[in-house]
Amino acid sequence: MSALSPPLPLRPGETLGILGGGQLGRMLALAAGRLGFDVAVLERDADSPAGRVAAHVIVGAYDDPEALKALAARARVVTYEFENVPAQAVQTLQQLGVEVAPGPEALAVAQDRITEKQFLNAAGAPTVAFRGADTPDEAVAAAEAMGAPVLMKTRREGYDGKGQRWIEHARDAAEVFRALGGRPVILEAPADFTRELSIIAARGRDGATAIYPLAENHHEGGILRRTLAPAIVSTALAEQAERIAVRVLEGLGYVGVIGIELFELADGRLLVNEIAPRVHNSGHWTQDGCSVDQFEQQVRAVCGWPLGPTMPHARIEMLNLLGDEVDQWARLAHDPDSRLHLYGKRVAQSGRKMGHVNKLRPL
Ligand code: AMP
């Protein structure tokens with residue numbers, strides 16, 4: 001693509017690029033297809049959930065210059081389905097004239113738990129107290145200063161509860177630091193939460209925002225099991241969450257859909273746990289609970305289209321189908337209130353997200 005590319009919006013018939021070939025990329029590609037776009041997926045694996053529903057698949061590493069060039073030759077707008085996209089890949093695409101959204105600021109913030117919390121607090125979105133540590137001694141000093149228990153997490157590349165451990169005694173911090181790989185860490189004060197909630201929000205290229213109702217999330221072993229949405233909350237809590245979402249979107253000059261994970265405290269305050277600069281597992285309920293779901297919303301936002309409505313028309317219980325739970329598909333297909341979303345993954349390893357089911361409940 002060149003500086004001569006016509007201005008956005010991207011028009012039906014044009015191609016949207018997606019970095020990543022997992023289930024989020026697949027559902028983005030399906031939503032893009034519904035709006036008349038073709039999709040080009042860049043993914044290491046030649047046989048991926050997103051690749052199998054895309055018009056074009058470019059097989060390569062996310063930082064492979066040739067693969068990025070091939071993607072840029074197809075797509076003048078590129079988005080991504082995971083937050084660990086290398087900064088260099090975004091830069092290369094931008095140099096090739098591609099519009100990448102969400103932008104590099106959002107990625108930089110979401111890739112580093114300390115940068116993330118600093119950004120959030122500066123933007124007026126409160127988090128738990130925290131300290132950073134780069135060595136075992138610093139980890140012990142930080143744990144002593146904060147007072148155990150504290151939760152140690154790697155600064156970068158943790159997900160689904162991986163790369164984190166509770167520390168019950170400050171003196172254990174050195175050993176846990178080493179067990180987590182001897183990499184820079186963050187130590188977090190415990191959030192004494194009554195519920196885990198999340199809010200999915202979007203900002204368009206024109207600065208308009210659209211915010212879905214809060215969702216209530218239940219995890220097992222660090223993995224999301226179940227989402228109930230819209231969550232039953234007071235108006236004050238909903239407004240507090242919306243204020244946080246707008247601050248985060250505006251603070252990042254964001255374009256696209258964002259997932260914001262929240263802790264609800266007993267005193268009614270919300271703290272932000274983390275942000276995901278992409279469509280989010282806890283937003284899958286919108287596929288059957290709202291007329292414009294998070295995937296179409298992401299496509300609309302990054303392509304320069306107007307954002308769609310976020311009003312719910314049903315309450316949804318979303319259940320992830322992990323590992324061989326996906327074998328329940330035949331039974332679930334009989335249930336008129338269950339909407340199945342299967343990812344087409346070939347191997348059902350234990351704990352792997354193979355699909356989800358949205359169970360419809362009256363609002
Ligand atoms: P994360 O990888 O940061 O999303 O954390 C995974 C899960 O660990 C969260 O969904 C919470 O259940 C729990 N968790 C994370 N941070 C804290 C914290 N500071 N205090 C209490 N629980 C936490």
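Strands, in this tour, are DSSP runs of at least two E residues, numbered from the N terminus. Keep in mind that you're looking at a predicted model.

**Stop 1: the ligand.** Select the ligand and show what sits around it. You should find 17 residues in the shell, with Lys153, Glu188, Ala191, Glu196 and Glu274 the closest. Now color by strand: β7 (150–154), β8 (164–167), β10 (193–203), β14 (256–265) and β15 (270–276) each bring at least two residues to this shell. Try coloring by residue type too, and you'll get seven nonpolar, six charged and four polar residues.

**Stop 2: the domains.** Where does the ligand lie relative to domain 2 (129–188) and domain 3 (193–361)? Both domains give residues to the shell, so the ligand lies between them.

**Stop 3: polar partners.** Pick Lys153 and look at its side chain: a polar atom there is 2.7 Å from a ligand oxygen. Hop over to Gln164, where a polar side-chain atom lies 3.0 Å from an oxygen of the ligand. Then click on Arg113, which has a side-chain N or O atom 3.1 Å from a ligand oxygen. Of the 480 Å² of accessible area the ligand has on its own, the protein covers 89%.

**Stop 4: Thr127.** Leave the ligand and select Thr127, in the loop between α5 (113–122) and β6 (130–133). Is Thr127 buried or exposed? Its relative accessibility is 12%, so Thr127 counts as buried, the cut-off being under 20%. Show its contacts, leaving out residues up to four places away in sequence, and Lys117, Leu120, Asn121, Leu271 and Val272 light up. With Asn121, the Thr127 side chain makes a side-chain polar contact at 3.2 Å.

How values were computed:
Residues are numbered from 1 along each chain as its sequence is written. This is a predicted model: local features need pLDDT of at least 70, side-chain atom pairs count only at pLDDT 80 or more; totals for chains, interfaces and linings use all residues. Side-chain values use heavy atoms; hydrogens and water are left out. A residue is near a molecule or strand if one of its heavy atoms lies within 4 Å of it. A polar contact is a pair of N or O atoms within 3.5 Å; within protein, one must be able to donate a hydrogen and the other to accept it, and residues adjacent in sequence count only if both atoms are side-chain atoms. Accessible areas come from the Shrake-Rupley method with a 1.4 Å probe; for residues, only the protein chains shown count as cover. Helices (H or I, at least four residues) and strands (E, at least two) are DSSP runs, numbered from the N terminus. Ala, Val, Leu, Ile, Met, Phe, Trp, Tyr, Cys and Pro count as nonpolar, Asp, Glu, Lys and Arg as charged, and the others, Gly among them, as polar. Domain bounds come from an automatic or database domain assignment. Buried means under 20% relative accessible area, exposed over 50%, partly exposed in between (1.4 Å probe, protein chains only). Contact means heavy atoms within 4.5 Å.
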